[in-house]
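Work through the exercises below with the model open. Try each task before reading its solution.

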Amino acid sequence: MYDFTPTPGQPKSALYRDLLEAALAITEGETDAVANMANCAALLAGFLSDLNWSGFYRMIGDELVLGPFAGRPACIRIALGKGVCGAAAATGKTQLVADVHAFPGHIACDAASRSELVVPVRRGGAVIAVIDLDSPLLARFDAEDAAGIEALAAAIADRI
Ligand code: SME
């Protein structure tokens, strides 16, 4: 049994350090990308509060395709440049959106989502996936969340 749980009340820096350690531990030696993304999606849901969706979209051909996630069923294919995920994939840059209703072209997979953080996962210079986090709270994510998820993306890029 795996028991990776966050320490209640810990500062974000420690939370993201523990999340990164857990993700590296659970994916260690495993070559199956789906298994590794599935476990990372579950860790994100377990470590981060106030999320209604956490998971992966994979770059397949010229579009993003839904990958392992925790949350309600979601849009399956997202064209490059469309929505928050498509913007992250197209630009290679993290998208930190305080209010998704104010983001042009936001794709409302879950009507409960109010803020969103999308981080590209790069391997060999190319975006191979994005990590998408949705929250029902406005402005749930800040620069520290972005940095924490960027570090996670870099750490698992060779394992997904
Ligand atoms: N809202 C995202 C689509 C993915 S769902 O949130 C899971 C977007 O605009 O890209």
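**Exercise 1. Find which residues come nearest to the ligand.**

Solution. Start with the shell: 13 residues lie around the ligand, where near means a heavy atom within 4 Å. Val84, Cys85, Ile107, Glu116 and Asp134 come nearest. Next, sort the shell by type: eight residues are nonpolar, two polar and three charged. Here Ala, Val, Leu, Ile, Met, Phe, Trp, Tyr, Cys and Pro count as nonpolar, Asp, Glu, Lys and Arg as charged, and the others, Gly among them, as polar.

This is a predicted model: local features need pLDDT of at least 70, side-chain atom pairs count only at pLDDT 80 or more, and totals for chains, interfaces and linings use all residues. Residues are numbered from 1 along each chain as its sequence is written, and side-chain values use heavy atoms, with hydrogens and water left out.

**Exercise 2. List polar contacts to oxygen atoms of the ligand.**

Solution. Look for pairs of N or O atoms within 3.5 Å. Take the backbone: a polar atom of cysteine 85 is 2.8 Å from a ligand oxygen. Turn to side chains: aspartate 134 places a polar atom 2.8 Å from an oxygen of the ligand. For aspartate 132, the side-chain distance to a ligand oxygen is 3.4 Å. Finally, check cover: the protein covers 99% of the 300 Å² of accessible area that the ligand has on its own (Shrake-Rupley method, 1.4 Å probe).

**Exercise 3. Decide which elements supply the shell around the ligand.**

Solution. Use DSSP runs, numbered from the N terminus: helices (H or I) have at least four residues, strands (E) at least two. Strand E1 (53-60), helix H3 (83-91) and strand E6 (126-135) each supply at least two shell residues. H3 gives the most, with three.

**Exercise 4. Describe the fold along the sequence.**

Solution. Count elements: four helices and six strands. Read them in order: α-α-β-β-β-α-β-β-β-α. Then compare sizes: the radius of gyration is 14 Å, close to the 15 Å that the globule rule gives for 160 residues, so the protein is as compact as a globular protein of that length. The radius is taken over C-alpha atoms, and the rule is 2.2 Å times the number of residues to the power 0.38.

Terms used: Polar contact = N/O pair within 3.5 Å; in protein donor to acceptor, adjacent residues only side chain to side chain.
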